[in-house]
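Me: I am new to this structure and would be grateful for a close look at a single part of it. Please explain each term as it arises.

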Amino acid sequence: MTVAELQALSAELDKNLSPSANKVLEKRYLKRTEDGEPLETAGDMLARVAENIAQADLLYNPEASLDETVTEFYGAMARLEFLPNSPTLMNAGRELQQLSACFVLPVEDSMESIFTAIKNAALVHQSGGGTGFSFSRLRPKNDLVRSTNGVASGPVSFMRVFDTATETIKQGGTRRGANMGILRVDHPDIMEFVRAKEDEHILNNFNISVGITEEFMAAVLTGEDYALRNPRRREEVGRMNARKVFDLIVNLAWKNGEPGIVFLDRLNRDNPTPKLGEIESTNPCGEQPLLPYESCNLGSLNLRVMVKDGGVDWDRLRKVTWTAVHFLDNVIDMNRYPLPEIEQMTTSNRKIGLGVMGWADMLVELGIGYDSDDAIGLGHEIMGFVHEEAIKASEELATVRGVFPNWAESTWQAKGRRVRNATLTTIAPTGTISIIAGCSSGIEPIFALAFIRNVMDNTELAEAHPAFEQVIRERGLHSLELMKEVAAKGGLHDVQGIPEDLKQVFVTAHDVSPEWHIRMQAAFQDDTDNAVSKTVNFSNQARPEDVERVYFLAYELGVKGVTIYRDGSRQEQVLNIGEVKRKGAGQPGDRAGGMQLELGPQGVPLTPVRPSRSPVLRGETREKVTGCGSLYVTVNEDDFGPREIFANMGKAGGCASASTEAIGRLISLAFRYGVPPDKIVKQLKGIRCHVPLGFGPYQILSCPDAIGKALADKYDLGGNGDQPVGQLEMPIAYAQGACPDCGGAIEHEGGCMVCRSCGYSKCA
C-alpha cells in the first residue's frame with residue numbers, strides 16, 4: 001500500500017466514523033497506555049489488523065508479496081464495507097492474538113469432565129471468547145452415583161458453579177464472560193432447567209435455551225405425552241405431557257425472555273461433518289452451532305454501503321464477499337487458541353461465519369418497508385447471493401490451499417464442491433461493530449428514529465437516523481417539536497402530519513409485528529449455513545399466547561432457534577419493598593418545635609436543622625416505571641414531616657443506580673434543613689432524558705422526573721396520581737432499559753444488551 005493510498009483511506013475512515021464510533025473505539029478497541037490513553041488511531045488499529053491477518057498468506061506461498069493483500073483487507077475495513085468480530089479487531093497483532101468469539105466446550109457425565117470444562121471456560125473467557133455448553137449428558141437429579149453410593153445433584157446445580165466461575169473472569173480486560181446453556185427437552189430435569197432463570201438474579205452469566213426435538217414438537221401439536229430419557233443409556237425413564245412443558249417455556253419466555261428455544265434436529269440436519277459427532281450446543285447468542293471444542297470466527301458485510309443508483313450494488317457486494325472469505329480463512333491460521341483441543345478441531349473444519357449488518361439501512365435507502373413481502377424477497381436474494389459467492393470464494397481458496405482436512409468425511413464431498421471451509425455463513429448480532437460501521441445491527445430493524453439529548457445549558461438537541469433526517473428536511477417537515485414527538489413515541493406510527501409512504505418505510509423494531517420478525521429471520525436462515533441471531537420484539541401488552549403463536553410460526557418456517565424480548569419484562573434489579581401506609585405523619589415543611597439551629601460566624605443563625613435521626617421512621621414506597629426500568633421511591637418521615645428519601649433502580653454499581661442514589665441523598669439533606677417537598681418537586685418535575693416512557697398524564701420523562709412525581713403524589717402537590725403499572729397509555733418504545741455505563745438506550749438483540757451510545761454490551 002502506497003503512502004498516498006493509506007492517507008486517502010485513513011481520511012475516508014475519519015470522515016465516515018461517527019462520534020459514537022470514535023467513543024466505542026477509544027474505550028474498547030484501541031491499544032492504550034496503563035493510564036487509559038489511546039496509543040493508536042482507528043486507522044492505526046485497522047492497519048495493525050490488516051497487516052497481521054495478511055501474514056497467513058505466507059504459509060501457502062512464502063514468496064508472496066503482502067502489499068496487495070494488506071491493501072485489500074485494510075480498504076474493506078476502512079471503507080466500512082466489512083468488519084471482523086470484536087476479538088479480531090482488539091487482539092490481532094497484539095500479545096493476546098486470540099481472534100475468535102465463539103466456542104463450544106463438552107461437558108461429560110463425570111466430576112473430572114465437569115471441572116475440566118469449568119477450567120477451560122475460564123481460559124476461553126480470559127482470552128476474550130464466549131462459551132456454549134450442553135448439559136444434556138449429565139445424569140438427572142437424585143440419580144445413583146455408584147462410585148460414591150450417593151445421588152446426583154443434576155445439571156442445574158452444576159450450571160451455578162459455571163456461573164460463579166464466569167463471574168470472576170474478565171475477558172481480556174474488555175469483555176465480560178458469557179455462556180450459553182442448553183438442555184435437551186427430553187432430559188428428566190427439563191422442568192427445573194426451564195425455571196432456572198425465573199428469578200432474574202440467578203445464572204446472570206448464562207443465556208439458556210431448551211433443545212427442542214422433532215419428537216417433542218409432534219407431541220405438542222397432538223397434545224400427547226413424550227418420553228423422558230436418562231442420558232446415561234438413553235432409556236426411557238418416564239413420560240410427560242408435551243403441552244405442559246411447552247406452555248411453561250412460553251410463559252417464562254413471556255415473563256422475562258428466557259429460556260429461548262433451539263431446534264436441535266435442524267442444527268444437525270445442516271451439520272457438515274456428521275461423522276465427527278452431534279451438534280448439541282451453540283455460542284452464547286445462538287447463531288453458531290458447533291461441535292465440542294470447535295470455535296468460529298465471524299465477520300459481517302455492511303449492506304448500508306452496498307446501495308448504488310437506487311438498487312443493490314451487486315458487483316461491490318461480490319468483491320467484498322470474496323475479500324471477507326479470504327480474510328476470515330486467514331484468521332484461522334493467525335489465531336492463538338486457548339486450548340490445543342480447540343486448535344485441532346478448528347483447523348480441521350475451518351468454519352467461518354460471514355454475515356451481514358445494515359440490512360434495515362439498506363431497506364430504507366431502497367424505499368422498502370421492513371415488514372413487507374418486498375423486504376422478505378430481497379432478503380432471500382441478498383443472502384442467497386452472499387452465500388453462493390462465499391462458496392465460490394472458498395472453492396477458489398481450496399485450489400491453492402486445499403480443502404479443509406475433514407472434507408472427505410463431510411456433506412460437501414457428497415455435493416461435489418471442494419471448499420476450504422466447512423461452513424461459510426452466519427448472521428450474528430453485530431452489536432458494537434455495527435456502531436463502528438455506522439449502520440443498523442445485523443438484520444434487526446432500526447431501533448429508534450430520533451433521540452433528544454440535553455446539553456449542559458439544558459438546551460435540547462435532536463439526533464436522528466441520517467436517512468430519516470434527510471428525507472424530512474427535503475420535505476420541509478423537520479422541527480424540534482416533531483423530533484421530540486418521534487423520540488417520545490419511538491417511531492412514526494402515531495405521529496400526525498407524516499405522510500403514509502414515510503410511515504411504511506421508516507419502521508422501527510416496535511412497529512414490526514412479531515410475525516414479521518420471524519418471517520425475516522426465516523428468509524435469511526434459508527441461505528445461511530449456521531444460524532441467525534435475531535430478537536423477536538413484543539410490546540409490553542403482549543400475552544403468552546402471542547409468544548406461542550411465534551414459536552409455532554418459527555417451527556413452520558424452519559428457523560433454528562428463537563429469542564424473544566417483551567418490553568419491560570426484564571429488570572436488572574427489583575427492590576421488593578412493600579407499600580406501607582400509615583396515618584399521622586407530620587405535614588410537609590412543618591418547622592415546629594424541636595428544630596435545632598446551627599450558628600454561623602458571630603453567632604448568626606443558619607438554616608434550622610432537624611434533631612438526630614430517630615431509629616424508627618414511618619414510610620411508604622411508590623413504583624414509577626421509567627425508561628430505565630422500575631424506580632422505587634421510598635419516603636420516610638418523622639414527627640416533623642419528610643426526613644429522607646431512597647430511590648432504587650438498576651443494577652448495583654451502574655450509572656443509573658448511582659445517579660438515583662445521589663439524588664436521594666441530596667433530597668434527604670434538603671429535608672434535614674427543612675426544605676419543603678413542593679420546592680423539590682418544582683426542581684425535579686419536567687427534567688427530560690432521551691428515554692421517556694409513557695404518554696399523556698402518566699408520562700415519565702426521566703428518573704429525576706419520576707422522583708419528583710412520586711413526591712408530588714405522596715403530598716398531593718399536583719401530581720398525576722400513581723402510574724397504572726403495566727397499563728401505560730402507549731406502546732412502550734423505550735422500556736428496554738438504560739445503559740448502566742452512560743444512561744443511553746439499551747437494545748436487546750440475540751440474547752445480548754447493547755448500548756449504541758457508548759458500546760456497552762452484555763450477553764446473558
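Reply: Buried means under 20% relative accessible area, exposed over 50%, and partly exposed in between, with a 1.4 Å probe and protein chains only. Helices (H or I, at least four residues) and strands (E, at least two) are DSSP runs, numbered from the N terminus. This is a predicted model, in which local features need pLDDT of at least 70 and side-chain atom pairs count only at pLDDT 80 or more, while totals for chains, interfaces and linings use all residues. Residues are numbered from 1 along each chain as its sequence is written, and side-chain values use heavy atoms, with hydrogens and water left out.

The part chosen is helix α21, residues 514–525. Its expected span is 1.5 Å times one less than its number of residues. For the 12 residues of α21 this gives 16 Å, which agrees with the 17 Å between its end C-alpha atoms. Of these residues, 10 are buried, so that α21 is mostly covered. Among them are Trp516, Ile518, Met520 and Phe524. The buried residues of α21 pack against several elements, including α15 (373–401), β21 (535–538), α22 (544–557) and β22 (561–566); contact here means heavy atoms within 4.5 Å.

In β21, Thr535 and Asn537 point one way and Val536 and Phe538 the other, and all are buried. In a regular strand the side chains alternate between the two faces of the sheet. β21 pairs with β22 in the parallel sense over four bridges, where pairing requires that DSSP find at least two bridges. Asn537 stands opposite Tyr565 in β22.
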